[in-house]
Amino acid sequence: VNAEAKCRVPGGEDGDFDWGGWLVETGRQVASSLEKDGSEVGHFKMSVVAGDRRWRLHQVMSGEDPTLHEEGMGSPIETDARLLVNLRAEGEAKQLEAIIDRVFASQTAVAVEFLERAAFQPGKPHPTHRVAALANA
């Protein structure tokens, strides 16, 4: 699942919203939902950019707590932000997308409007084996 959204804190004032805390809580809800669904995480990343500040959350395997990184400390925090979601997990694409939809629909702190979304099932890889080349070496 790949998604991009614009976010807004309803009634919020610049400088007082904890985007990092919101991202961690939302990411934990997604991770928990994936675990309950039996979807093994390959990697799960989300980021929020508000003004000159950026928060990145990532999880690289199921059972691991998502980790938060913050950049641009010191500049004011804005109430409008851009969200990116990148999820790679075992499971049906539409089912993974439904988990993302459910989690974002259930939270009330931030109004999230998805601008672009894609959920797809990549094909099985077919690697090229070059054994003949090794025999002539």
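Here, buried means under 20% relative accessible area. By that cut-off tryptophan 19, at 0% relative accessibility, counts as buried, and so does tryptophan 22, because its relative accessible area is 7%. Keep in mind that this is a predicted model.

## The overall layout

Let's start with the big picture. The protein has 137 residues, of which 34% count as buried. Its secondary structure comes to 3 helices and 6 strands, and reading along the sequence gives the pattern β-α-β-β-β-β-α-β-α. If you look at contacts with a separation of 6 or more, residues 24 or more positions apart account for 68% of them.

## The sheet

The 6 strands make an open sheet in the order E4-E3-E2-E5-E1-E6, with antiparallel pairing. Strand E4 (67-71) and strand E6 (111-118) stand at the edges; each has a single partner strand, so one side of each is left without a neighbour in the sheet. From one strand to the next, the twist averages 15 degrees. As general background, strands of a sheet pair through backbone hydrogen bonds, either parallel or antiparallel.

Here are some of the pairings, with a residue pair from each.

| Strand pair | Bridges | Residue pair |
|---|---|---|
| E1 and E5, antiparallel | 7 bridges | alanine 3 and valine 85 |
| E2 and E5, antiparallel | 8 bridges | methionine 46 and valine 85 |
| E2 and E3, antiparallel | 7 bridges | lysine 45 and histidine 58 |

Valine 85 turns up twice in that table: in E5, valine 85 is the bridge partner of alanine 3 and also of methionine 46. What else does valine 85 contact, leaving aside neighbours within four places in sequence? The full set is Val1, Asn2, Ala3, Phe44, Lys45, Met46, Ile100 and Phe104.

## Helices across the strands

Now for how the helices sit. H1 lies across E1, E2, E3, E4, E5 and E6, and runs at about 155 degrees to E2. H2 lies across E2, E5 and E6, at about 145 degrees to E5.

## The nonpolar core

In soluble globular proteins, nonpolar side chains tend to be buried together. In this model the largest nonpolar core has 31 residues, and the ones with the most contacts inside it are Trp19, Trp22, Leu23, Val48, Leu83, Val85 and Leu87. At least two core residues come from each of strand E1 (2-8), helix H1 (19-37), strand E2 (41-50), strand E3 (53-59), strand E5 (80-89) and helix H2 (93-106). Which element supplies the largest share of this core? That's H1, with 6 residues.

Leucine 34 is worth a look too. This leucine is found in helix H1 and, at 0% relative accessibility, leucine 34 counts as buried. Not counting residues up to four places away in sequence, leucine 34 touches Ser39, Val41, Leu87, Leu96 and Ile99. The C-alpha atoms of leucine 34 and alanine 89 are separated by 8.3 Å, with their positions 55 residues apart along the chain.

## The aromatic cluster

Searching the whole structure turns up 4 aromatic pairs. One of them joins tryptophan 19 and tryptophan 22: this pair is edge-to-face, 5.6 Å centre to centre, with 85 degrees between the planes. Both of these tryptophans lie in helix H1, 3 residues apart, about one turn of the helix.

Tryptophan 22 also forms a pair with phenylalanine 104, and this one is tilted: 6.1 Å centre to centre and 55 degrees between the planes. Why does that pair tie together parts that are 82 residues apart in sequence? Because tryptophan 22 lies in helix H1 and phenylalanine 104 in helix H2. Both partners are buried.

Step back and you'll find one aromatic cluster made of Phe17, Trp19, Trp22, Phe104 and Phe114. Phenylalanine 114 has a charged companion as well: arginine 117 lies over the face of the phenylalanine 114 ring, at 5.0 Å from the ring centre.

## Tying it up

Some residues recur across these views. Trp19 and Trp22 are among those with the most contacts inside the core, and both belong to the aromatic cluster. Val85 is also on that core list, and valine 85 has Phe104 among its contacts, while Phe104 is itself a member of the cluster.

Notes
Residues are numbered from 1 along each chain as its sequence is written. This is a predicted model: local features need pLDDT of at least 70, side-chain atom pairs count only at pLDDT 80 or more; totals for chains, interfaces and linings use all residues. Side-chain values use heavy atoms; hydrogens and water are left out. A nonpolar core is a set of buried Ala, Val, Leu, Ile, Met, Phe, Trp, Tyr and Cys residues joined through side-chain atoms within 4.5 Å. Buried means under 20% relative accessible area, exposed over 50%, partly exposed in between (1.4 Å probe, protein chains only). Helices (H or I, at least four residues) and strands (E, at least two) are DSSP runs, numbered from the N terminus. Contact means heavy atoms within 4.5 Å. Two strands pair if DSSP finds at least two bridges between them. Rings of Phe, Tyr and Trp (its six-membered ring) pair if their centres lie within 6.5 Å; planes under 30 degrees apart count as stacked, over 60 as edge-to-face and the rest as tilted. A charge sits over a ring if NZ of Lys or CZ of Arg is within 6 Å of the ring centre and within 35 degrees of the ring normal. Axes are lines fitted to C-alpha atoms, for helices over the stretch in contact, and angles run from 0 to 180 degrees between N-to-C directions.
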